[in-house]
Amino acid sequence: PKQSYNWPHRNEQTVPNTHVRNTVLSLKCSCPLQERGCEWLGTLGKCENHLDVCSYVHEKCKLGCGIELPRHELDMHVNEKCVHRKIRCEHCHIDFKVYNMLTHQAKCPYFPLQCVKRCGTTSHSVPKLP
C-alpha cells in the first residue's frame with residue numbers, strides 16, 4: 001500500500017494559478033525520509049514520484065511475518081532472515097517454513113539419530129511405517 005505524506009491538495013474552492021503552481025512544484029526539496037537515510041534531492045513536483053520508488057519507504061514482508069522494513073532491506077529479509085521463508089530439509093528434501101524446523105526435525109523419518117549406546121556414531125533413521 002502506498003504511504004501518504006500529507007501533500008497539499010487542490011481544494012474545490014481554489015482557482016488554479018498555473019504560474020504559482022509551477023513555481024511551487026519547482027521548489028527544491030529533500031526526501032521526507034531523509035532522517036531514515038535517503039539522500040534524494042529534487043523538486044517538490046517530483047517528490048511524490050520519488051516516494052513510489054524510494055528504498056527507504058517501509059513495506060510489509062511479502063511472506064506474511066508482519067515485519068515492516070525499508071524496501072532496500074526486504075530482499076535480504078525475505079531470502080535470509082524471515083521465519084516464514086521456505087527451506088528444504090537436507091535429509092528428506094521436503095520444503096517447510098523456518099519456524100517449523102524443530103517440529104519437522106522431530107518428525108523427519110530421515111533425520112540422523114545418535115547411537116542409543118552413546119558410542120558417537122550417527123545413523124539415519126529408518127522411515128516410519130504408517
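This report describes the fold, core, cysteines, salt bridges and surface of a predicted model.

## Overall architecture

The protein chain contains four helices and eight strands. Read along the sequence, these elements follow the pattern α-β-β-α-β-β-α-β-β-α-β-β.

Of the 130 residues in the protein chain, 22% count as buried. Among contacts with a separation of 6 or more, residues 24 or more positions apart account for 10%. The protein chain exposes about 10,400 Å², and carbon and sulfur atoms supply 54% of that area.

## The nonpolar core

The largest nonpolar core has six residues in all: Cys31, Leu33, Cys38, Leu51, Cys54 and Val57. Two of its cysteines can be described by their accessibility. Cys38 is buried, with a relative accessible area of 7%. Cys54 also counts as buried, at 2% relative accessibility.

Cys31 belongs to this core. Leaving aside residues up to four places away in sequence, Cys31 touches Cys38, Trp40, His50, Leu51 and Cys54. Cys38, Leu51 and Cys54 from that set are also members of the core.

## Cysteines without disulfides

A disulfide requires two cysteine sulfur atoms within 2.5 Å. By this rule the count comes to zero disulfides. Cys38 is in no disulfide, and the nearest cysteine sulfur, that of Cys31, is 3.7 Å away.

For Cys54, the closest cysteine sulfur is in Cys38, at 3.8 Å, so the two are too far apart for a bond. Cys31, Cys38 and Cys54 are nevertheless all listed in the largest nonpolar core.

## Strand S2 and the start of helix H2

Thr43 lies in strand S2, which covers residues 41-43. Thr43 has a relative accessible area of 17% and is buried, because the limit for that class is under 20%. Not counting residues up to four places away in sequence, Thr43 touches Leu25, Ser26, Leu27, Lys28 and Cys29.

Leu44 is placed in helix H2, residues 44-53. With a relative accessible area of 25%, Leu44 is partly exposed. Leu44 and Cys29 are 15 residues apart in sequence, and their C-alpha atoms are 5.8 Å apart in space. Cys29 is also among the residues that Thr43 touches.

## Salt bridges

A search of the whole structure finds two salt bridges. In one of them, the side chains of Arg71 and Glu59 meet with an N to O distance of 2.7 Å. This pair links distant parts of the chain, with Arg71 in helix H3 (residues 71-81) and Glu59 in strand S3 (residues 58-60), twelve residues apart. Arg71 is partly exposed, with a relative accessible area of 23%, and Glu59 counts as partly exposed at 31% relative accessibility.

Arg88 forms a salt bridge with Asp95, and the closest N and O atoms of this pair are 2.8 Å apart. Arg88 counts as exposed, at 53% relative accessibility. Asp95 counts as partly exposed, at 39%.

## The loop between strands S5 and S6

His93 lies in the loop between strand S5 (86-88) and strand S6 (95-97). Although His93 is not a glycine, it has a positive phi of about 65°. His93 is exposed, with a relative accessible area of 53%.

The residue ranges of these two strands include both partners of the Arg88 and Asp95 salt bridge.

## A nonpolar surface patch

Val20, Val24 and Leu27 make a nonpolar surface patch of about 230 Å². Val24 is found in helix H1, which spans residues 18-25. Val24 is partly exposed, with a relative accessible area of 36%. This value allows Val24 to be part of a patch, because patch residues need over 30% relative accessible area.

Leu27, another residue of the patch, is also one of the residues touched by Thr43 of strand S2.

Notes
Residues are numbered from 1 along each chain as its sequence is written. This is a predicted model: local features need pLDDT of at least 70, side-chain atom pairs count only at pLDDT 80 or more; totals for chains, interfaces and linings use all residues. Side-chain values use heavy atoms; hydrogens and water are left out. Buried means under 20% relative accessible area, exposed over 50%, partly exposed in between (1.4 Å probe, protein chains only). Contact means heavy atoms within 4.5 Å. Accessible areas come from the Shrake-Rupley method with a 1.4 Å probe; for residues, only the protein chains shown count as cover. Patches are made of residues with over 30% relative accessible area and no salt bridge: like charges are joined within 9 Å, nonpolar side chains (Val, Leu, Ile, Met, Phe, Trp, Tyr) within 5 Å. A salt bridge is a side-chain nitrogen of Lys or Arg within 4 Å of a carboxyl oxygen of Asp or Glu. A nonpolar core is a set of buried Ala, Val, Leu, Ile, Met, Phe, Trp, Tyr and Cys residues joined through side-chain atoms within 4.5 Å.
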